[in-house]
Structure formats: structure tokens, C-alpha cells
Amino acid sequence: LFVLFCCVTAALAQPLLPRQTYGPDFPMRQSYPDLITNLTHYCTSTSAANTYTCTVDNGQDLTYALVAGQEYVFTVTTTNTGASTLNPNGLGAIPIQVFTGTGLVAVQAGDLPAGKQITLRYDGSVFQVLNPESGIATCVAERAQGIYNVKCPPYLAKGDGVTSDTAAIEAAEAAITAGGVLYFPPGVYVVTQLNISSSNVIWRGAGMYTSLLRSTATNAMIFSTIPHVNVAFEDLGFDGNNVNVSAYTDDQNYRGGYLRIERCRFSRFLTVGLQIRGSHFIVAHNIFEASGAYSVPLVAARGIDILQGAKHGHIHHNRLRYVTQGVQGITD
């Protein structure tokens, strides 16, 4: 017992360790908002278009509050039809906007297509679309400049050489009510017949060998029956696919004017590349090629027909290859 007592006494005689202090860089317990600020949350919408709601999928508790800096990978289930909001975990409906280089703007119809994963970041007031691969920012910026890209929402032309893009192209063209550019990115756009419905529109491609409209029908590829004015075609290729009679024609009643066609290529048409009835037209710096084997052009192959009603036109600096008639005038 005496020996044990001595050992205990010796232990108690040792000085107590001082209380540990931590420097400013030691990781202390963070507040709840700090913990969720820089996390990426995954959520899937189960709501109707435009007023999206979702529940976070990865088990993170977001019932506290929205915090600036939070990011969401948001899977859209229903394509939007206009300006939209997202309400995650019931924390409130927040506008979804896109930065175009000059400022934030609301998403428009089709910018949030069903099935697409959209990355959003909360900036303290709105959700900003982040993922540039979605193409939304580019499409919004183009629209702000009066450029209607046929591959952008809500038109979504494929240009894959297989899918019919007639409806998508007509919808994009009809949307240009105050003038603008109907733009065709590189691709092969399969069409039947495209009906012009707007004036003051420039149909523009990325090059006569790069942006191609290819016909699958025997009627005219592009047709106009209403007196539209100021319609132009630039840097496009028109492929008759050896089944189509012509790339462009206008009806007997066409009394529009100021048609301009420049730097385009017309190929593989059974009858004629271009038919014109309107007034004040310019056809310049184009290529017209007949259908069939180049060494054996079709008897009826013509480059341009100037039809009844046409007047005040200029045709210059065009290349006409393998045609039996370059320019034919049938007019009163």
C-alpha cells in the first residue's frame, strides 16, 4: 500500500498540460450556409413547363435557404414555352436567365428542351445557365442580333442529312416578323417544299458547299405565292437530289420584288435551278450545275428561267456548268 501511495503522489505532482489553442487557419465547424454554398446539387423536375419544381436527388438537405454560389444540374422533363423559374426543394421560384455578353436575359421558348441537363448557378437573385455546351447562350445572343438559327430552340432542325427539317425551317422563317437572318449552320438539311411566309429575310448559310438544302420531293424546293419583298439567299447550297424540278420558283401571282441570290450553288435539278417572276432581282456569283452525269447533261437542264412578270433584273458573274441552256427568258 505504501508503494502504491507513492506512485499516485508522484503522478499528481506532474504539471497539468496547458489548454490547446488553435490558430486562425485551423478548420473550425462551419455554419450551415457555408457548407452548402459551393456544392453541386442534382435535381429532376416533375412539374409542368416554365414553373419548374424539383427535389434534390443526392440526399443533401436544402431546407435551410438558397445561398449564392450553389450550382444545380437540372434535368428538364418538359420543354419550356417561355420565361421560366426553378423552385428547388420548395425554397422559392427563382428566374432562370442566360448571360449573352451584354447582360442577363430570360430564357425563351424551347431554350430548356426536355431531357436536357442544364447547369445552373444561383447568383443571389436568379439562376444563371452555365453550361456553354447547351448552346443556349449562343442562341439567345444570336436572336438578340436578329439571327434565327434553324438549329436553335424551339425550331431544332437537325441538318443530319436524314431527318426532315421542313417544319423546323418553316417555323424559324415564320418567326422573323420584323426582318432578320435565317441562319443555316453547316449541315445537310433534308426538305420537301419550303413555303416563304415573311418579307425582309436573308436566308444565309455557312458556304455553298457547307450548308446544303437537299430535296426529297419532285416539286419546287422553295416556293412563294405571296408578294413578299426583300428576300435574299446567301452562301447556301441547293441540292435537287436528282428528283426535284427546281430550287426556287414563285407563282404567277407573285408581284413582290427585290430578290437577291448570291454565292449559292444549284445542283442536280431535273429541269431548272432557278425561276424568277418578281421585279428588281439580282443573281450574282452563283454556280448552276445540271442534273445527271456531268458528261451527259439532261436535255432540259437550264440554269435560270426568267418568267412572265419579271423585270428590272441583273444576272452577272455566275458559272453555268453542264447545262444545255444557261438563261432562258419566257416573259411578256
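Is Tyr72 buried or exposed? Tyr72 is buried, with a relative accessible area of 0%. Welcome to a short tour of this predicted model, which holds 12 salt bridges and 10 aromatic pairs. The notes below go through the aromatic rings, the charged pairs, a stretch of parallel strands, one buried leucine and two loop residues with an unusual backbone angle.

**Aromatic pairs and a cluster**

- Let us stay with Tyr72 for a moment: its ring and that of Phe127 have centres 5.3 Å apart and planes at 75°, so the two are arranged edge-to-face.
- Tyr72 belongs to strand E3 and Phe127 to strand E8 (residues 127-129), so this pair ties together parts of the chain 55 residues apart in sequence.
- Phe127 is buried as well, at 0% relative accessibility.
- A stacked pair is made by Phe266 and Phe288, with 4.7 Å from centre to centre and 5° between the planes.
- This stacked pair also links distant parts of the chain, since Phe266 is in strand E21 and Phe288 in strand E24, 22 residues apart.
- Both Phe266 and Phe288 are buried.
- Phe266 and Phe288 are also members of one aromatic cluster, together with Phe184, Tyr189, Trp203, Phe233, Phe238 and Tyr248.

**Salt bridges**

- Strand E3 comes up again here: Glu71 in E3 (residues 71-75) and Arg121 in strand E7 (residues 117-122) are 50 residues apart, and their side chains meet in a salt bridge with an N to O distance of 2.3 Å.
- The two partners differ in accessibility: Arg121 is partly exposed at 38%, whereas Glu71 counts as buried at 18%. The cut-off for buried is under 20% relative accessible area, so Glu71 falls within it.
- Glu289 has two arginine partners to look at, Arg265 and Arg321.
- With Arg265, Glu289 forms a salt bridge of 2.8 Å, N to O. Glu289 lies in strand E24 (residues 287-290) and Arg265 in strand E21 (residues 265-269), so the pair joins parts 24 residues apart in sequence.
- With Arg321, the closest N and O atoms are 2.8 Å apart. Arg321 sits in strand E27 (residues 319-321), and it is 32 residues from Glu289 in E24.
- Glu289 and Arg265 are both buried, with Glu289 at 5% relative accessibility; Arg321, at 28%, counts as partly exposed.
- Strands E21 and E24 are thus worth viewing side by side, because Glu289 and Arg265 tie them together; the stacked rings of Phe266 and Phe288 link these strands too.
- Elsewhere, a network of salt bridges links Arg204, Glu234, Asp235, Arg260, Glu262 and Arg263.

**Strand E14 and its neighbours**

- Strand E14 (residues 201-205) has two faces: Val201, Trp203 and Gly205 form the covered one, while Ile202 and Arg204 form the uncovered one.
- Trp203 of the covered face is a member of the aromatic cluster, and Arg204 of the uncovered face takes part in the salt-bridge network.
- E14 runs parallel to strand E11 (residues 180-184), and 5 bridges join them. Phe184 has Gly205 as its bridge partner in E14.
- E14 also pairs in the parallel sense with strand E17 (residues 229-234), over 4 bridges. Here Ile202 stands opposite Ala232 in E17.

**Around Leu213**

- Leu213 is part of strand E15 (residues 211-215) and counts as buried, with 0% relative accessibility.
- Leaving aside residues up to four places away in sequence, Leu213 touches Phe184, Tyr189, Leu194, Met221, Ile222, Leu236, Gly237, Phe238 and Asp239.
- Phe184, Tyr189 and Phe238 in that list are also members of the aromatic cluster.
- Leu213 and Phe238 are 25 residues apart in sequence, while their C-alpha atoms are 5.0 Å apart in space.

**Two positive phi angles**

- Most residues other than glycine have a negative phi.
- Asn200 is not a glycine, yet it has a positive phi of about 60°. Asn200 is found in the loop between strand E13 (194-195) and E14, and it counts as partly exposed at 38% relative accessibility.
- His285, likewise not a glycine, has a positive phi of about 60°. The loop between strand E23 (279-284) and E24 is its place, and His285 is partly exposed, with a relative accessible area of 40%.

Notes. Residues are numbered from 1 along each chain as its sequence is written. This is a predicted model: local features need pLDDT of at least 70, side-chain atom pairs count only at pLDDT 80 or more; totals for chains, interfaces and linings use all residues. Side-chain values use heavy atoms; hydrogens and water are left out. A salt bridge is a side-chain nitrogen of Lys or Arg within 4 Å of a carboxyl oxygen of Asp or Glu. Buried means under 20% relative accessible area, exposed over 50%, partly exposed in between (1.4 Å probe, protein chains only). Contact means heavy atoms within 4.5 Å. Two strands pair if DSSP finds at least two bridges between them. Rings of Phe, Tyr and Trp (its six-membered ring) pair if their centres lie within 6.5 Å; planes under 30 degrees apart count as stacked, over 60 as edge-to-face and the rest as tilted.
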